[in-house]
Amino acid sequence: MPRLDVIFAEVTEKNVEQLRLMNTRIFPVRYNDQFYKDVYKNIKLAQFALYNDTPVGAVGARVEAPEGSTTGEQTQLYIMTLGVLEPYRRCGVATQMLEYILDLVKTDAEFKELLTVVLHVQTNNDSALAFYKQHGFEITGHKENYYQKLEPSDCHILTYVIDRTAPDDGERKAGEANGYGTVAVDLAAEQATLKALRKQQMDRPPPVAMKKNPETGEMEEFHSDALKDDLPDEEAEEAAIEIPVGDDY
Ligand SMILES: CC(C)(COP(=O)(O)OP(=O)(O)OC[C@H]1O[C@@H](n2cnc3c(N)ncnc32)[C@H](O)[C@@H]1OP(=O)(O)O)[C@@H](O)C(=O)NCCC(=O)NCCS
């Protein structure tokens with residue numbers, strides 16, 4: 001299937017009905033009015049994927065405390081809905097939406113406290129399971145009778161652990177991909193080599209004038225009064241400095 005490059009557009013109060021329409025066609029469950037009031041509270045987390053200016057998919061997520069958390073710290077991003085209209089599937093649209101979300105939580109300071117990205121998937125939703133596993137999610141739990149009106153009613157809990165040790169500031173290591181392709185040069189190693197070379201050069205004794213001895217043919221040090229400069233040597237210079245006393249500066 002060809003890859004369809006999509007662009008993103010925020011879900012807002014004005015276009016939220018479009019999201020309702022789309023979700024009705026994508027998901028077997030109906031989301032209530034409260035969902036559509038809350039979904040664009042953080043517009044970064046509610047986005048349409050547009051292909052040729054037409055919405056072909058959408059994602060909605062929220063920040064929350066993990067279930068059973070005793071501290072109530074909001075360290076989890078919960079994906080409520082992520083779906084693509086049937087004719088546009090297997091063209092990388094969901095991948096681009098998920099990459100948008102994962103990139104956001106890794107690079108946007110607003111989400112720096114987040115540790116995981118979590119969602120529920122109906123146990124028979126093989127395409128979603130394959131999709132999320134392909135993107136580094138793992139099944140971390142199950143819930144029975146999660147969907148009251150669906151058969152099967154059970155769901156898997158899928159979790160993605162956000163790697164906070166990975167470089168996220170554009171300074172990627174050689175061999176890693178950045179937005180433009182694969183980084184071919186290890187800049188850090190390159191800099192260390194240059195520094196070592198520079199030090200080597202600075203540590204070398206100053207060059208000595210050499211001249212070929214016409215009789216022996218050997219190279220010998222060459223000393224000539226003509227090569228001497230008339231600069232004062234350092235000690236003499238230091239001794240000559242007078243510090244004025246009693247002058248106001
Ligand atoms: C799951 C879903 C979002 C995937 O969307 P998509 O745009 O088709 O996904 P992508 O094209 O980005 O797929 C990326 C990869 O995921 C895997 N994948 C996606 N759909 C798959 C399927 N039906 N069967 C097997 N693997 C699948 C494949 O590895 C695929 O790569 P490939 O096409 O190069 O083989 C889409 O099927 C959908 O909207 N389903 C209904 C809503 C839903 O269940 N959402 C998940 C719960 S929030």
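A residue counts as exposed when 12 or fewer other C-beta atoms lie within 10 Å of its own, as buried when there are 20 or more, and as partly exposed in between. On this basis, Glu-99, Asp-103 and Thr-107 of helix α3 are exposed. The structure described here is a predicted model.

**Overall composition**

The chain contains 6 helices and 11 strands. Of its 249 residues, 18% are buried. Among contacts with a separation of 6 or more, 54% join residues that are 24 or more positions apart.

**Helix α3**

Helix α3 comprises 15 residues, and the distance from its first C-alpha to its last is 21 Å, close to the 21 Å expected at 1.5 Å a residue. Its buried residues are Val-93, Ala-94, Met-97, Leu-98, Ile-101 and Val-105. These residues lie on the same side of α3, because they cover an arc of only 135 degrees around the axis. The exposed residues Glu-99, Asp-103 and Thr-107 are on the other side of the helix. The partners against which the buried residues of α3 pack are the strands β2 (46-51), β3 (54-64), β4 and β5, together with helix α4.

**The nonpolar core**

The largest nonpolar core consists of 34 residues. Val-11, Ala-49, Val-59, Ile-79, Val-93, Ala-94 and Met-97 have the most contacts inside it. At least two residues of this core come from each of β2, β3, β4, α3, β5, α4 and β7. Helix α3 supplies the largest share, with 6 residues.

Two residues illustrate the packing in this part of the chain. Val-59, apart from its neighbours within four places in sequence, is in contact with Gln-47, Ile-79, Thr-81, Leu-82, Met-97 and Ile-101. Ala-61 lies in strand β3. With 23 C-beta neighbours inside 10 Å, Ala-61 is classed as buried. Again leaving aside neighbours within four places in sequence, the contacts of Ala-61 are Leu-45, Leu-77, Tyr-78, Ile-79, Met-80 and Ile-101.

**The ligand shell**

The ligand is surrounded by 22 residues, of which the closest are Arg-89, Ala-94, Thr-95, Ser-127 and Ala-130. Two or more residues of this shell come from each of β4 (76-84), α3 (93-107), β5 (116-122) and α4 (126-134). By character, the shell divides into 13 nonpolar, 7 polar and 2 charged residues. Ala-94 belongs both to the closest residues of the ligand shell and to the core residues with the most contacts.

**Pairs distant in sequence**

The following table gives three pairs of residues with their separation along the chain and the distance between their C-alpha atoms.

| Pair | Separation in sequence | C-alpha to C-alpha distance |
|---|---|---|
| Pro-28 and Leu-150 | 122 residues | 7.8 Å |
| Lys-44 and Ile-101 | 57 residues | 8.7 Å |
| Ala-61 and Leu-119 | 58 residues | 9.4 Å |

The settings of Pro-28 and Lys-44 can be added. Pro-28 is in the loop between α1 (16-26) and α2 (33-38). It is exposed, because 11 other C-beta atoms lie within 10 Å, and the limit for exposure is 12 or fewer. Lys-44 is in the loop between α2 and β2. With 16 other C-beta atoms within 10 Å, Lys-44 is partly exposed. Its partner in the table, Ile-101, is one of the buried residues of α3.

**Backbone features in loops**

The loop between β6 (138-143) and β7 (155-161) contains Pro-152. The peptide bond leading from Glu-151 to Pro-152 is cis, and its omega is near -5 degrees. Asn-145 is located in the loop between β6 and β7. Its phi is near 50 degrees, which is a positive value in a residue other than glycine. Asn-145 counts as exposed, with 10 C-beta neighbours inside 10 Å.

A positive phi also occurs at Asp-53, where the angle is about 65 degrees although the residue is not a glycine. Asp-53 is situated in the loop between β2 and β3. It has 7 C-beta neighbours inside 10 Å and therefore counts as exposed.

Definitions and conventions:
Residues are numbered from 1 along each chain as its sequence is written. This is a predicted model: local features need pLDDT of at least 70, side-chain atom pairs count only at pLDDT 80 or more; totals for chains, interfaces and linings use all residues. A residue is near a molecule or strand if its C-beta atom, placed from the backbone, lies within 6 Å of it. Helices (H or I, at least four residues) and strands (E, at least two) are DSSP runs, numbered from the N terminus. Ala, Val, Leu, Ile, Met, Phe, Trp, Tyr, Cys and Pro count as nonpolar, Asp, Glu, Lys and Arg as charged, and the others, Gly among them, as polar. The expected span of a helix is 1.5 Å times one less than its number of residues. The arc is that of the directions from the helix axis to the C-beta atoms. Two residues are in contact if their C-beta atoms, placed from the backbone, lie within 7 Å. A nonpolar core is a set of buried Ala, Val, Leu, Ile, Met, Phe, Trp, Tyr and Cys residues joined through C-beta atoms within 7 Å.
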